[in-house]
Amino acid sequence: MAQIEVIGNVGKDPELKFISGAKGDFAVAKFSVADTPREQKNGEWVEGETTWYFVSVTGQLAEAVTDKVTKGSKVLVRGDLRSFEYKKDNETKSGWEIQIGRAHV
């Protein structure tokens, strides 16, 4: 599994849900992070194209995230990177998800 580390800004407040699993209920928090690279060109800072990552956090860390992280916060996210596809306006698009579990606490 590919690991990734992203520094970016939170796009919306995390949403916390509790899911029933084989070992009982567990918490899952989901939010988005925007990463916009910047570089200097001819002495001026220029912003590149923004990449959005959907982040899912499980366990006790999920509950802590919803208490501490808010829209606009600058965060460092480290976890397993997965690609996914979805349909929007009858067009297939791709996206990125970063999954953070107990192993990354």
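A salt bridge, as I will use the term today, is a side-chain nitrogen of Lys or Arg lying within 4 Å of a carboxyl oxygen of Asp or Glu. Please keep that cut-off in mind, and keep in mind as well that the structure above is a predicted model.

Let me begin with Glu-97, which lies in strand S8. This residue is buried and yet has no salt bridge, for the nearest side chain of opposite charge, that of Lys-30, is 4.5 Å away. Because a salt bridge has to fall within 4 Å, the pair of Glu-97 and Lys-30, at 4.5 Å, does not count as one. What, then, does the side chain of Glu-97 make a polar contact with? The partner is the side chain of Ser-56, at 3.0 Å. If we leave out residues up to four places away in sequence, Glu-97 touches Lys-30, Phe-54, Ser-56, Asp-80, Leu-81, Arg-82 and Phe-84.

Two of those neighbours, Phe-54 and Phe-84, bring us to the aromatic residues, since together with Tyr-86 they form one aromatic cluster. A search of the whole structure finds two aromatic pairs. One of them joins Phe-84 and Tyr-86, whose rings are tilted, with 5.8 Å from centre to centre and 35 degrees between the planes. Are these two residues buried or partly exposed? Phe-84 has a relative accessibility of 28% and therefore counts as partly exposed, and Tyr-86, at 34%, is partly exposed too.

Now let us turn to the nonpolar core. The largest one has 18 residues, and those with the most contacts inside it are Phe-31, Val-33, Val-55, Val-57, Val-77 and Ile-98. The elements that contribute two or more residues to this core are the strands S1, S3, S6, S7 and S8, along with helix H1. Which element gives the largest share? That is S3, with four residues.

Val-33 offers a way to look at this core from one residue. Apart from its neighbours within four places in sequence, Val-33 is in contact with Val-6, Gly-8, Asn-9, Val-10, Thr-51, Trp-52, Tyr-53, Val-55, Val-75 and Val-77.

I will finish with Ser-32, a residue of strand S3. Its relative accessibility is 9%, which is why Ser-32 counts as buried. Once residues up to four places away in sequence are set aside, Ser-32 touches Asn-9, Val-10, Gly-11, Lys-12, Trp-52, Tyr-53 and Phe-54. Phe-54 thus appears for Ser-32, for Glu-97 and in the aromatic cluster, and I would suggest finding that residue in the structure above.

Notes:
Residues are numbered from 1 along each chain as its sequence is written. This is a predicted model: local features need pLDDT of at least 70, side-chain atom pairs count only at pLDDT 80 or more; totals for chains, interfaces and linings use all residues. Side-chain values use heavy atoms; hydrogens and water are left out. A nonpolar core is a set of buried Ala, Val, Leu, Ile, Met, Phe, Trp, Tyr and Cys residues joined through side-chain atoms within 4.5 Å. Buried means under 20% relative accessible area, exposed over 50%, partly exposed in between (1.4 Å probe, protein chains only). Contact means heavy atoms within 4.5 Å. Rings of Phe, Tyr and Trp (its six-membered ring) pair if their centres lie within 6.5 Å; planes under 30 degrees apart count as stacked, over 60 as edge-to-face and the rest as tilted. Lys and Arg count as positive and Asp and Glu as negative; His and the chain ends are not counted. A polar contact is a pair of N or O atoms within 3.5 Å; within protein, one must be able to donate a hydrogen and the other to accept it, and residues adjacent in sequence count only if both atoms are side-chain atoms.
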